[in-house]
Each structure stands twice: as structure tokens, then as C-alpha cells.
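I am keeping these notes as I go through one structure, feature by feature. The sequence and the model come next, and then my entries.

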Amino acid sequence: MQFHHHGYVSTDPRVLPAAGIGINRSEDLPDTMDVLIVGAGPAGMITAAQLAQFGDISAYLVERRDGRLQIGQADGIQARSVETFQAFGFADRISAEAYHITEMCFWKPDPHNPENIVRTARTPDDEHGISEFPHLIVNQARVLDYYAEYAKNGPARLTPNWGWEFKSLEIDRDEEYPVTVTLIGAGAENEGQERTVRAKYVLGADGARSKVRDAIGAQHVGGVSYHAWGVMDVLAVTDFPDVRIKCAIQSKAGSILHIPREGGYLFRMYVDLGEVAADDNRKVRETPLETIIAKANEIIKPYSLDVKDVAWWSVYEVGHRVTDRFDDVPSEQVAELTPHVFIAGDACHTHSAKAGQGMNVSMQDGFNLAWKIRQVVQGLSPASLLSTYTAERQEIAQNLIDFDREWSSMMAAKPEELESPSALEEYYVRTAEFPAGFMTQYKPSMIVGEATHQDLAAGYPIGKRFKSYKVTRLSDSNPLHLGHLHRADGRWRIYVFADAPAPGEDSKVAALAEFLASDPASPVLAHTPEGQDLNSLFDVKVIYQQDYTDVDVLKVPKAFKTPNGPFGLIDQDQIFATNPDHDIFAGREISRDGTIIVVRPDQYVATILPLDAPEELAAFFRPIFTP
């Protein structure tokens with residue numbers, strides 16, 4: 001973490017100096033704003049947290065609740081989400097309070113006594129080392145707390161405006177603030193009051209019954225599986241031996257997905273309540289808690305469950321729906337109009353909870369959109385950039401639905417209905433990359449290049465997230481994960497992997513550095529706003545092939561020694577090399593001829609280029625940024 005470059009800091013460095021709107025932010029909603037976020041769930045809060053880093057963007061978040069979420073229904077945190085938490089600066093803190101999933105146990109009917117269950121397999125949670133980050137279980141409310149803290153500590157000092165519910169909106173694209181939103185007071189002090197605000201952009205992150213979605217005419221496509229589940233978070237006395245291990249339990253009486261919760265005692269059970277008649281009209285949702293507990297005891301025989309306290313419980317039917325579009329532009333007008341209203345999270349994709357994907361995918365919706373809105377609002381990029389949101393995230397949502405439909409169907413099946421006795425655990429291992437959050441791969445677009453030079457860095461597929469690897473920072477000899485230095489600060493990363501010659505010798509990387517530092521076509525010079533630090537929009541790092549002890553820092557080109565802050569202090573932390581234990585070139589299959597890897601603000605690889613192709617680098621960024 002870097003600070004002091006604007007002067008000595010003796011307070012918490014995570015609290016950034018207030019700037020712009022954050023200097024005198026009022027608790028009241030203004031009449032006009034750049035961005036209005038509706039809903040303080042995962043998608044809304046991560047968007048707010050990201051936009052709060054820019055004091056010149058007036059972003060506001062409204063939520064119909066009168067305060068923070070007390071009990072969250074989502075609790076599974078995939079490794080990709082923890083990687084995202086790292087970017088927002090709280091991965092270590094939330095991991096410390098979370099339950100860590102290291103393996104999953106599978107229980108099936110005992111062949112010798114089919115009325116009872118027996119453990120049949122233990123499967124490592126990340127057998128193939130997909131990520132260095134853990135798979136966690138933690139209350140959704142705590143996740144929102146951390147994002148709220150990040151937003152409040154950002155330069156814009158963004159905090160939710162509680163007790164306001166969305167009513168309606170109108171769009172007039174000829175206006176400076178084209179979206180007029182009507183809100184209704186839902187709090188103790190403003191109940192029933194009507195308020196109208198105007199915004200340049202609106203995000204509807206207001207849940208599965210989204211009124212924003214309805215207001216823009218987007219349609220949920222899909223249906224219900226007519227299979228019911230009871231879910232409960234409980235404190236109980238039990239002799240079930242794997243009560244502190246994630247389990248998939250299949251018995252003659254039905255199925256349970258068992259998930260230990262943080263804190264050492266609490267656990268969640270998704271209890272199979274069986275098929276539901278098509279004409280049930282949601283009567284199954286009236287199933288009493290006592291029935292769910294009794295069913296759980298029936299499923300886990302010969303073990304028993306004596307429930308002492310219930311933190312939360314519900315009954316639901318599995319639904320699989322994806323919205324036909326994620327913004328206000330009808331599909332036939334995509335080429336003509338740019339969007340002003342977006343939806344994210346449960347507002348545009350709903351599914352079962354058993355794959356543990358809802359909160360995770362919702363956060364990636366917000367992370368994908370926030371930096372794009374930032375660049376457009378600040379005039380850095382054309383409005384066409386915003387059309388990539390639906391194009392990218394709708395396909396990911398459909399992939400999620402397809403995966404969840406198969407997984408939830410297998411969970412609901414009786415053991416004898418599966419194609420093999422070990423089908424469930426084999427599917428769990430085979431598809432591990434998807435529930436971990438790492439299968440997402442965006443297609444070529446204005447912000448994702450073609451795979452023309454993919455062979456230069458085979459370990460970094462274009463369109464997928466940048467998978468970290470250890471390197472050694474030259475300034476202090478610290479071995480660090482390169483990807484962990486990618487903060488949620490809205491910057492693009494340009495990682496320059498050097499060719500073989502050492503600094504000071506003629507090389508491709510030396511020529512590229514001269515281009516980056518001196519040529520008017522350099523994206524750093526061409527697109528960084530006048531008066532701002534040269535690292536304010538682009539984070540340029542160099543990684544040398546040599547052992548860090550063999551790199552002379554004095555001979556490293558000035559393009560990798562950026563002046564920073566009002567004193568022009570040199571950023572010493574942009575130069576890296578390998579060491580005998582960690583060679584990123586070998587570990588991520590990077591060509592010894594060197595390469596350029598461009599990474600988007602949301603950590604996805606945008607393009608890979610040769611070191612000696614500076615004109616291609618400039619050409620990639622040219623349509624993304626306004627002159």
C-alpha cells in the first residue's frame with residue numbers, strides 16, 4: 001500500500017483524503033447527479049465502492065431498508081470474489097472471520113443398511129490449485145459492511161441514503177440528466193414522501209422483483225423447477241460427524257446441502273422438500289420450520305439434529321431466469337443508442353442458492369460496470385463503452401443458469417437416479433473452475449483484443465481474469481503476488497515482460513520504454529488528463545527475466561520510474577524481477593522474447609502484444625479513450 005506521497009500520513013491510510021463532492025457531501029439527495037444506484041445489495045455496494053474513489057463523480061445510493069442488512073441470505077464466497085476483495089483492500093480481514101472450505105464430503109445410503117447414510121468420499125475443494133485465494137463462507141451482511149466502509153473512506157465519501165424506494169423512471173436522451181427517477185420514502189421519518197431526482201445514469205440493483213427492470217421493459221426469461229427446498233441457519237446439538245465440513249448428503253429420504261458457517265457453531269442446511277405440483281401456487285412456501293427440521297433428521301439417519309436456535313430460515317422453489325437485456329436499450333437499437341439505465345445482480349439473473357453463485361456473480365456485474373461508468377462520466381471514454389456491459393455480462397449470467405440447472409438437478413436426484421454412484425463428486429471436481437469464478441472469458445470487443453498474440457503468454461488467456469504469480473519487487477526485495485497489487489482504483493494495467501537483455505543494454509523493452517515516456521502516441525501521454533500524474537490512469541510495471549539480484553535499478557528506463565504526487569516523488573515499486581523460487585515467465589508460459597499484457601480495471605486480460613509493437617498498443621487504446 002502506498003501513501004505519504006502527498007505528505008506525511010499518521011492516520012489510517014485506508015481513509016483517503018476527501019475530494020470533490022466528498023469535501024462537503026450532504027446527507028440529503030440532490031436534485032441532479034451523475035449516477036443513482038438503486039439497492040444496497042452486493043451489486044449496488046461494489047458499484048458504490050468503486051465510484052467513491054473519484055471525488056468528481058456525484059454518485060448516490062438509495063435503499064428502501066432503513067439501515068444496514070442484519071441477516072444475509074447469501075454466504076458462499078468463491079475464490080474470485082476473495083480476489084476481488086483483495087482489490088478493495090479487505091481480503092485479509094474478511095478471511096480472518098470467515099469459515100474456510102478446504103474439502104467437501106459426500107454422503108450416500110449405506111449399502112448394508114440403505115435407511116442410513118454413510119460417508120463415501122472426501123474431495124479437496126481446490127484439488128488443481130485454481131487459485132491462491134480461499135473458498136469462504138461468511139454472512140452477506142459483513143461483505144456489504146466492508147464495501148460500505150470502502151465507499152465511505154473513498155474521496156467521494158459515499159454512504160447509502162436509507163429509506164428510499166424506487167417508484168418509476170422516465171428517459172429523455174436529449175437532456176443533460178436524461179433519467180428522471182421518482183422515489184418514495186420508506187423510512188420512519190420520510191414515509192410516503194415523494195421525491196424526484198435526475199441522473200445521467202441509473203443502476204437498478206434492487207433484487208429479483210426489480211422495479212427498475214420493470215420500468216425499462218426488460219423481461220425475465222426462464223421458469224421454476226417445481227422442486228422445493230427449505231433452508232435454515234441453525235445452532236444445534238448433533239452427532240453428525242461432519243457438521244463442520246461442507247457436505248452433499250443424498251439419502252433415501254431426500255438430499256441436504258450442508259454448509260458450516262463462520263463462528264464455529266452456526267451451520268446452514270438446504271433441505272430437500274421434494275417435488276411441487278404445478279398448481280401449488282406457492283403453498284409449499286407455507287411449510288413450517290418444524291417440518292424442515294423433521295425432514296433433515298429423516299435424511300441424516302442414523303444421526304440426529306437437536307435445533308436450539310434458528311437465525312434465519314425460508315422455503316423456496318428453484319427458479320432459473322435471465323433477463324433478455326441488462327440495460328434500457330432494446331436489442332434492435334443497440335447500434336443506434338447508448339444505455340443510461342442498467343440492471344445488475346438478482347434483477348437480471350435468478351437461480352438456486354446451492355451453487356453459491358448469486359452474490360458472487362452479482363459483485364462481478366457491478367465491478368464490470370462501475371469502471372466503465374467512471375470513464376464515460378469523466379469524459380475519458382465514448383458512451384459506446386457502456387454497451388459492452390450487457391454484451392459481456394448477459395452471456396455470463398446464462399452460463400451461470402446452465403451450470404446451476406445441472407448442479408441443482410443432480411443435488412435433487414436420488415442416488416439411484418444418477419448415472420454412476422460417484423457422479424455428484426466427479427461433477428464437483430470436473431467443474432471446479434466455474435464455481436470458483438474463473439471460467440468467465442469475455443469475447444473480443446472494443447475492450448478485449450483478438451488472440452493474435454496469445455502464444456506470447458499462454459498462461460494468460462485474453463478475456464479471462466489475470467491469474468497472479470509471485471515476482472520479486474526490486475525496491476525492497478519482497479516476493480509479492482503481482483496480481484495482488486491491482487487495486488480497485490479504476491486504472492488500466494500495462495505489464496511489460498522484458499526480453500532477455502539486462503537493463504542498460506539494447507533491447508525491445510528499452511525501445512518500448514522510450515515510446516511510453518516520450519512519444520505523443522503513447523497511451524500514457526495521449527490519454528492521461530492534463531495536470532494529473534502519469535500513473536493516474538495507467539499503472540505501468542516492468543518484470544525482468546533476470547534474478548532480482550542481477551538487475552541494476554539505476555539502468556531501468558524512466559518509463560518505469562513515474563513521478564508521483566505534488567512533490568514529484570519517484571514511484572520505486574514498479575520494477576520487478578524473478579528469483580530462483582518464482583519465475584513468472586516459466587510459471588505463466590510467457591515468451592522469453594518478452595510481451596505486453598494489458599489488464600482492464602476489473603482485472604481481466606484485455607490484450608497481449610509483442611514488445612516491439614508500440615503502434616499496436618496505441619491502436620488498442622485509441623477507440624477506448626476520447627482524444
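Is Asp12 buried, partly exposed or exposed? I looked up its relative accessibility, found 31%, and therefore entered Asp12 as partly exposed (buried means under 20% relative accessible area, exposed over 50%, and partly exposed in between, with a 1.4 Å probe and protein chains only).

Before going further I noted that this is a predicted model, in which local features need pLDDT of at least 70 and side-chain atom pairs count only at pLDDT 80 or more, while totals for chains, interfaces and linings use all residues. I also noted that residues are numbered from 1 along each chain as its sequence is written, and that side-chain values use heavy atoms, with hydrogens and water left out.

**Entry: salt bridges**

I searched the whole structure for salt bridges and found 35 (a salt bridge is a side-chain nitrogen of Lys or Arg within 4 Å of a carboxyl oxygen of Asp or Glu). Asp12 takes part in one with Arg14, where the closest N and O atoms are 3.0 Å apart. Arg14 has a relative accessible area of 37%, so I entered Arg14, too, as partly exposed.

Next I looked up Glu97, which forms a salt bridge with Arg142, the closest N and O atoms being 2.9 Å apart. This pair links distant parts of the chain, since Glu97 sits in helix H3 (residues 91–97) and Arg142 in helix H4 (residues 140–153), 45 residues apart; helices (H or I, at least four residues) and strands (E, at least two) are DSSP runs, numbered from the N terminus. Glu97 counts as partly exposed because its relative accessibility is 29%, and Arg142 counts as partly exposed at 27%.

Arg261 and Glu262 also meet through their side chains in a salt bridge, at 3.1 Å from N to O. In this case I found that Arg261 and Glu262 are buried. Both belong to a network of salt bridges that links Asp75, Asp233, Arg261, Glu262 and Arg268.

**Entry: the largest nonpolar core**

Which residues touch the most other members of the largest nonpolar core? I found that they are Trp492 and Phe560, in a core of 142 residues (a nonpolar core is a set of buried Ala, Val, Leu, Ile, Met, Phe, Trp, Tyr and Cys residues joined through side-chain atoms within 4.5 Å). Helix H7 (residues 358–377) gives this core its largest share, eight residues. The core also draws at least three residues from each of domain 1 (29–70 + 140–222 + 321–420) and domain 3 (454–622), the bounds coming from an automatic or database domain assignment.

I then listed the contacts of Phe560 (contact means heavy atoms within 4.5 Å), leaving aside neighbours within four places in sequence. Among them are Val496, Val509, Ala513, Tyr544 and Ile575, and the list also includes Lys541 and Asp571.

**Entry: Val181 and Trp407**

Val181 belongs to strand S10 (residues 179–185), and I entered Val181 as buried because its relative accessibility is 0%. Beyond four places in sequence, the residues in contact with Val181 include Leu36, Phe166, Arg195 and Val202. From Val181 to Pro444 I noted 34 Å, C-alpha to C-alpha, for two residues that are 263 residues apart in sequence.

Trp407 is part of helix H8 (residues 388–412), and its relative accessible area of 4% is why I entered Trp407 as buried. The C-alpha atoms of Trp407 and Phe54 are separated by 40 Å, and the two residues are 353 residues apart along the chain.

**Entry: backbone details**

Where is Pro302 found? I placed Pro302 in the loop between helix H6 (289–299) and strand S16 (305–323). A cis peptide bond joins Lys301 and Pro302, with omega at about 15°.

Arg157 is not a glycine, yet I found a positive phi, near 50°. Arg157 lies in the loop between H4 and strand S8 (161–162), and counts as partly exposed because its relative accessibility is 23%. Glu589, which is not a glycine either, has a positive phi of about 55°, and I placed Glu589 in the loop between helix H12 (584–587) and strand S26 (595–599).
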